[in-house]
Amino acid sequence: MSSSSLKSHKFRLDREDGWKRLEFLLKRVESRSLKSLTDEDLIALPTLYRATLSSLSVARATSLDQDVTLYLESLTTRAYFAIYGNKSSMFERIGYFFSHSWPRAVQSLTKETLAALIITVLGALIAYSLVTSNSDWYFSFIPEGLAGDRSPASTYEELRKTLYSGGDSDSLSVFATYLFSHNSRVAILAFALGFAFAVPSVVLLLYNGFTLGAFIAIFVDKGLGYELGGWLSIHGTTEIFAIVLAGSAGMKIGWSVAFPGERSRMDAVSSATSQSAAVLGGVIIMLFCAGLLEGFGRQLIVNDEARYAIGFVALTLWLLYFYLPRPDEDAQNIWDEIS
Amino acid sequence: MSSSATTKKNYKIQKPIKHKNGKNKLGKNKLGKNKLGRQKNTYRAPNFDKNIRTLITPEGIDLRLRLADTGTRIGAFLIDLILMIIALILLLLITGKIFIEDDREIASIILILGAFLLRNFYFMFFEMGGKGATLGKRLLKIRVASRNGGHLTANAVFARNALREVEFFLPLGLVFSLSGDINGWINLMALVWSLIFLFFPLFNKDKLRAGDLIAGTWVVNAPRLRLSKDLSATPTVSDGHSKYRFSAKQIDAYGVRELHVLENILRMKKSKSIAEVSARIITKIQWKDGHMLKDNEVEQRAFLNAYYAALRGSLEAKLLFGVRRKDKFDRR
């Protein structure tokens with residue numbers, strides 16, 4: 001029996017060129033993208049992929065050349081990921097994120113968002129009433145470092161100064177950047193800890209509410225309520241909204257862990273996560289805006305009405321962007337599959 | 001595949017316990033969903049290797065994915081960490097230079113933003129790319145894939161890496177930021193916390209990190225193999241096939257498993273194992289001119305090559321009739 005007459009060897013000789021060509025194309029797709037292929041190559045790719053898949057199943061059934069079968073396994077897997085993997089480019093994805101994924105994901109979390117808002121308000125009310133009745137409570141809610149000059153013992157003048165003095169204008173942008181990076185981490189935590197039955201997310205939201213309530217209490221006590229409102233709303237409408245959304249994303253995951261419904265727990269968690277991950281991605285962007293508003297806007301604009309106006313406009317824009325009704329649910333689903 | 005599954009029935013079992021397990025699992029899970037909720041187009045391969053997962057392509061072919069070892073994944077993470085630290089040091093050097101040249105504000109902004117982006121988006125950026133792997137993962141030839149066999153969505157990548165914050169950076173931050181007596185307990189709790197997440201992949205059969213679990217992903221091997229020469233067509237065989245002729249009984253001594261071991265040895269090019277293996281085969285098949293091959297590596301190799309080709313030819317011929325002779329104990 002002559003060795004080259006092995007059927008599996010002939011099989012390999014016949015198809016090897018196609019495999020090699022697929023390997024070559026894959027190398028280019030993986031290191032750059034599908035767009036780096038010429039039209040001709042792009043048309044050839046799926047054909048080569050299918051031919052190689054069929055080679056694989058023939059090889060498994062008839063060839064005992066381990067080298068060939070392992071090579072085909074690895075090649076087809078690579079091709080599978082290249083072809084069924086990421087289709088759209090980074091820019092398309094980003095554009096689609098803003099036009100569809102993000103607002104839709106936020107809409108889908110409406111219930112959780114309301115709950116998160118209620119928890120925050122509840123926290124604020126509790127802290128407010130406690131601090132008003134006994135100002136010693138203040139330091140249970142606000143850590144020393146954050147309090148700075150703002151304490152129940154501060155005079156009207158001192159408190160007023162904290163609202164309007166921009167501080168060192170050189171360091172504004174540094175302050176803004178710092179706030180952004182700090183708040184984003186809090187948001188990521190509120191999301192990432194959600195899987196523990198949403199408890200940590202709720203605690204973070206409550207704590208956020210406490211801080212808010214305690215602040216409001218001491219300012220209102222000195223008759224600075226209206227001024228504080230301006231100071232808070234210029235960035236707070238964006239920032240607090242963002243934290244509420246992050247909390248609601250965490251709660252969504254926690255809820256699906258606790259009550260997966262008809263699906264298996266893992267399925268429920270995965271799909272809840274992919275929705276809320278989009279929300280969280282958007283939250284980071286919102287916090288970036290809030291950081292800018294806080295770092296620059298609040299320090300440079302000292303007029304109360306202007307502060308209120310900016311805060312109100314920002315809130316309206318966010319609400320419109322998120323909650324305006326949007327058509328074609330089906331197209332959305334198809335895109336979610338692709339992107 | 002299916003043929004090996006049928007083989008099991010008449011095949012004398014070498015490791016009865018393992019076999020029993022495999023059978024039970026198959027019986028329980030069948031093709032549909034199993035405990036970890038993988039969706040309908042993946043199922044556990046009817047295979048002894050517990051790290052193989054099967055993915056059915058839309059074309060109906062089952063691709064076998066091998067889960068990445070925990071050690072490999074830790075290695076990849078460490079490489080990524082080192083790369084991030086190097087990038088951070090570079091960033092510090094650059095901003096330090098700007099800082100000294102008296103533009104403190106810009107320097108600080110670049111530093112804070114750069115560190116933030118690096119920490120949170122290094123992993124996301126690379127895993128969203130075509131290779132689905134960070135630089136460390138690429139180096140160790142593993143990648144992230146979706147557990148249900150579908151697309152690896154940007155959302156999933158985002159979620160699995162947001163969890164990294166809880167799994168790694170949060171405890172790390174606690175350990176660094178806290179010191180002193182009062183915080184000893186908090187440190188300890190942080191340590192326990194991170195240990196739970198650290199060992200999480202060891203306690204589930206799909207080796208999922210908490211982030212993988214949440215995002216519906218897993219990490220699989222993505223080897224890039226090259227096609228080597230076909231051993232049955234090497235010149236020594238084609239020239240010398242008349243020199244080494246084997247009787248049907250001699251060829252019949254081994255099965256597929258031994259064929260593959262022989263193939264690996266021929267490809268490895270270690271003269272010691274060539275000598276050992278040829279000696280063993282000579283004894284086993286009672287090859288008459290065995291003494292002529294002693295201490296002659298070229299001849300030993302030619303002999304093994306010829307035997308490989310003959311064995312493969314015979315086994316493949318049987319394969320065409322639906323008989324896959326698993327190994328030398330498989331008497332069919």
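## From Gly282(A) outward

Once neighbours within four places in sequence are set aside, Gly282(A) is in contact with Trp102(A) and Val106(A). The model in which these contacts appear is a predicted one, and the glycine itself is found in helix 12 of chain A. Gly282(A) counts as buried because 23 other C-beta atoms lie within 10 Å, where the cut-off for that class is 20 or more. By contrast with those contacts, a separation of 33 Å lies between the C-alpha atoms of Gly282(A) and Val220(A), which stand 62 residues apart along the chain.

The chain around this residue is helical in its regular elements, with 14 helices and 0 strands in chain A. Of the 339 residues of chain A, 46% count as buried. Among the contacts in chain A that link residues at least 6 apart in sequence, 82% join residues at least 24 apart.

Confidence should be kept in mind while reading these features. Chain A has an average pLDDT of 82, and 88% of its residues score at least 70. Within the chain, helix 5 (residues 110-133) of chain A has the highest confidence, at a mean of 93, whereas helix 14 (residues 329-338) of chain A has the lowest, at 57.

The nonpolar interior comes next. The largest nonpolar core holds 124 residues, and those that touch the most other members are Ala187(A), Ala242(A), Ala246(A), Leu280(A) and Val283(A). Helix 11 (residues 225-258) of chain A supplies the largest share of this core, with 16 residues. For Val283(A), again leaving aside neighbours within four places in sequence, the contacts are with Ala187(A), Ala242(A), Leu245(A) and Ala246(A). Apart from the largest core lies another, of 20 residues, whose members include Val256(B), Ala302(B), Leu304(B) and Leu319(B). As a general background, nonpolar side chains in soluble globular proteins tend to be buried together.

Finally, the two chains meet at an interface in which 67 residues of chain A are in contact with 59 residues of chain B. On the side of chain A that touches chain B, the elements giving two or more residues are helix 1 (7-31), helix 2 (39-62), helix 3 (66-84), helix 9 (172-192), helix 12 (265-300) and helix 14 of chain A. Helix 3 of chain A gives the most to this side, with 13 residues. Sorted by class, the side of chain A that touches chain B has 28 nonpolar, 25 polar and 14 charged residues. Helix 12 of chain A, one of the contributing elements, is also the helix in which Gly282(A) is found.

Note on methods. Residues numbered from 1 in each chain as written. Chains lettered and ligands numbered in written order. Predicted model: local features only at pLDDT ≥ 70, side-chain atom pairs only at ≥ 80, totals over all residues. pLDDT = per-residue confidence, 0-100. Helix = DSSP H or I, 4+ residues; strand = E, 2+ residues; numbered from the N terminus. Contact = placed C-beta atoms within 7 Å. Nonpolar A, V, L, I, M, F, W, Y, C, P; charged D, E, K, R; others polar. Buried ≥ 20, exposed ≤ 12 C-beta atoms within 10 Å, placed from the backbone. Core = buried A, V, L, I, M, F, W, Y, C linked by C-beta atoms within 7 Å.
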